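Okay, hi everyone, thanks for making time. I'll put the structure up and then talk you through the parts I picked out.

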Amino acid sequence: LTTHSSYSIGPVLSYTFWDSFSSRRSYESLNKLAEARGQDHRSTGLQLLMTVRATYIRVQLALEELRLVNGSLELARAQDHDIASRFHAGAATKLDGVTSSHQVLSFELQFKQKQADLSAALKDLLALLGTRNPKDVSHPGPPDVDQVSLVLNLDSLSSTLATLGVEQIAAP
């Protein structure tokens, strides 16, 4: 039925007497490969969803930290103003005024750092979502804070964690 010479004329017929089920194993292998690629696609989707959720929580956390630092900054400014008034009245020392001014500067620095952290987290979130950055994301913050170029109104961190089913750790 077949010829071993390199040249033949006419149709050639060949057969395999015994293949040890290699065709069936190849078929099963391709099915397993398709299943693995499907699982890989599903896994990548879940990983992306987890990354977006974690980044959103990071933005919420940075926003809460900025809100807290802003509260401390306002308190330090009020104390500085009070100490300045007391100094002019003769009831406070120059050291009290310098210490108070140093505390205000420290909280202003923390405010700028937290605002930069919030800006970076927001840029990461917008990149993951595939949206264009708003005009200015360099100074984001909550609506009740001064020195903010982009006002953020997000859900509270506790409501997001409750939605995701994460238990909050009670403070001792």
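Before I point at anything: when I say helix, I mean a DSSP run of H or I with at least four residues, and I number the helices from the N terminus. With that in place, look at helix α2, residues 94-129, because that's where Ser 100 lies by this assignment. One caveat up front: this is a predicted model.

So, the overall layout. The protein chain has three helices and two strands. If you walk along from the N terminus, the order is α-α-β-β-α. We've got 172 residues here, and buried ones make up 20% of them. The accessible surface of the chain is about 13100 Å², with 58% of that belonging to carbon and sulfur atoms. And for the contact people: take contacts between residues at least 6 apart in sequence, and 61% of those join residues at least 24 apart.

Now back to Ser 100. Buried or exposed, what do you reckon? Ser 100 has a relative accessible area of 4%, and the cut-off for buried is under 20%, so it counts as buried. Who does Ser 100 touch, once you leave aside neighbours within four places in sequence? The list is Ala 76, Gln 79, Asp 80 and Ile 83.

That brings me to the helix pairs. α1 and α2 pack with their axes 8 Å apart, at an angle of about 160°. Anything over 145 degrees counts as roughly antiparallel, so that's what we call α1 and α2. The crossing of α1 past α2 is left-handed. Sorted by class, the contact of α1 with α2 has 22 nonpolar residues, eleven polar ones and nine charged ones.

Next pair: helix α1, which is residues 22-89, against helix α3, residues 157-164. Here the angle is about 155° and the axes are 10 Å apart. How do α1 and α3 run relative to each other, roughly parallel or roughly antiparallel? Again the angle is over 145 degrees, so roughly antiparallel. α1 passes α3 in a left-handed crossing too. If you want to select the residues, on the α1 side pick Arg 53, Tyr 56, Ile 57, Gln 60, Leu 61 and Glu 64. On the α3 side, pick Leu 157, Thr 160, Leu 161 and Leu 164. By class, that α1 with α3 contact comes out as six nonpolar, two polar and two charged residues.

Okay, last stop, the loops. Asn 133 is in the loop between α2 and β1. Its relative accessible area is 43%, so Asn 133 is partly exposed. Not counting neighbours within four places in sequence, Asn 133 is in contact with Lys 123 and Leu 126. I also have a distance for you: C-alpha to C-alpha, Asn 133 and Leu 122 are 9.1 Å apart in space, and eleven residues apart in sequence.

Then there's Gln 147, which you'll find in the loop between β1, residues 140-141, and β2, residues 150-151. What's phi doing at Gln 147? Phi is near 60°, so we have a positive value in a residue other than glycine. On the surface side, Gln 147 has 44% relative accessibility and therefore counts as partly exposed.

Right, that's my tour. Happy to rotate the view if anyone wants another look.

Key
Residues numbered from 1 in each chain as written. Predicted model: local features only at pLDDT ≥ 70, side-chain atom pairs only at ≥ 80, totals over all residues. Heavy atoms only, no water. Axes fitted to C-alpha atoms, helices over the stretch in contact; angles between N-to-C directions. Parallel < 35°, antiparallel > 145°, perpendicular 65-115°, else oblique. Left-handed = near helix turned anticlockwise from the far one by under 90°. Contact = heavy atoms within 4.5 Å. Nonpolar A, V, L, I, M, F, W, Y, C, P; charged D, E, K, R; others polar. Buried < 20%, exposed > 50% of the residue type's maximum accessible area, 1.4 Å probe, protein only. Areas by Shrake-Rupley, 256 points an atom, 1.4 Å probe, with all protein chains shown as cover.
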